[in-house]
Amino acid sequence: ALLTLSVVVLTGFTGQISLAQLAFAGVAGFTSIRLAEHHVPFPVALVLAALLATTIGIMVGWPATRARGMSLAIATLAMAVAIEELVLSSSGLTNGDAGLSAPRPYLFGLDVGISAKGADNFRPAFGFVCLGVLTVACLAVVNLRRNRTGLCWLAVRPNERAAAAAGIDVTRVKLGAFAVPSFLAG
């Protein structure tokens with residue numbers, strides 16, 4: 001749902017196309033596991049990993065300052081393939097074919113992991129955490145559409161030249177439009 005929400009923000013609000021959302025999610029996933037291994041607390045590790053995905057999203061979105069449509073889709077697809085081959089295929093980050101095992105997440109002392117043994121396998125705490133994160137993200141996107149940033153995104157979508165003539169910094173708006181969905185995907 002968060003990946004879909006990130007695509008809605010990027011494509012729906014600004015008309016940009018990115019085929020790299022899953023690459024952002026992958027980088028953030030492996031990064032959060034590595035941070036958790038270094039004893040960074042559960043929610044902090046997720047936020048830091050999402051911030052890394054945001055940074056990478058801005059770099060991937062840089063071609064958006066000059067390209068639109070299919071050219072932008074191909075550029076972001078190429079960046080996603082590069083991220084997959086250079087980062088996600090790295091045995092140093094992903095532990096190779098063996099993969100990584102995420103440590104159990106705890107939030108305020110409560111185990112919010114997805115699986116357990118026996119009858120405790122179905123974890124309502126995990127579902128509530130996921131639902132809470134999704135609710136916060138949805139509320140943020142709804143409010144984003146109403147504020148100045150969202151209105152600038154909507155102005156750039158149909159006509160970049162008209163938006164620039166109205167005083168909107170199109171380059172900054174497009175990079176911001178890649179940053180928020182990258183954070184959501186991460």
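## Exercises on a predicted helical model

Across this predicted model, the protein has an average pLDDT of 86, and 97% of the residues score at least 70.

**Exercise 1.** Determine where in the protein confidence is lowest and where it is highest.

*Solution.* Begin with the low end, which is helix H5 (residues 91-94), with a mean of 75. The high end is then found in H3, at 92. As a general caution, predicted coordinates should not be read in detail where pLDDT is low.

**Exercise 2.** Describe the secondary structure of the protein and the order of its elements along the sequence.

*Solution.* Counting the elements gives nine helices and two strands. Placing them in sequence order then yields the pattern α-α-α-α-α-β-β-α-α-α-α. For the overall dimensions, the C-alpha atoms fill a box of roughly 60 × 35 × 25 Å along the principal axes.

**Exercise 3.** Classify the arrangement of H1 and H6, and identify the residues through which they meet.

*Solution.* Consider the axes of H1 and H6, which come within 10 Å and cross at roughly 10°. Because angles under 35 degrees count as roughly parallel, H1 is roughly parallel to H6. Next, list the partners: Leu2, Leu5, Val9 and Phe13 in H1 meet Val133, Leu134, Ala137, Cys138, Val141 and Arg145 in H6. Sorted by class, the residues of this contact comprise nine nonpolar, no polar and one charged.

**Exercise 4.** Characterise the largest pocket by its volume, and then its lining by residues and by contributing elements.

*Solution.* The volume of the largest pocket is about 1,400 Å³. Its lining consists of 45 residues, of which Phe42, Leu46, Val129, Val133 and Gly186 are the closest to the centre. At least two lining residues come from each of H1 (2-14), H2 (21-37), H3 (42-61), strand E1 (106-107), H6 (124-146) and H9 (170-185), and H6 provides the largest share, eleven residues. Finally, a division by class gives 36 nonpolar, eight polar and one charged residues.

Key: Residues numbered from 1 in each chain as written. Predicted model: local features only at pLDDT ≥ 70, side-chain atom pairs only at ≥ 80, totals over all residues. Heavy atoms only, no water. 1 Å grid on protein atoms, 1.4 Å probe; cavity = no way out; pocket = protein on both sides within 12 Å on 5 of 7 lines; lining within 4 Å. Points joined across faces, edges and corners; volume = space filled by probe spheres on them. Helix = DSSP H or I, 4+ residues; strand = E, 2+ residues; numbered from the N terminus. Nonpolar A, V, L, I, M, F, W, Y, C, P; charged D, E, K, R; others polar. Axes fitted to C-alpha atoms, helices over the stretch in contact; angles between N-to-C directions. Parallel < 35°, antiparallel > 145°, perpendicular 65-115°, else oblique. Contact = heavy atoms within 4.5 Å. pLDDT = per-residue confidence, 0-100.
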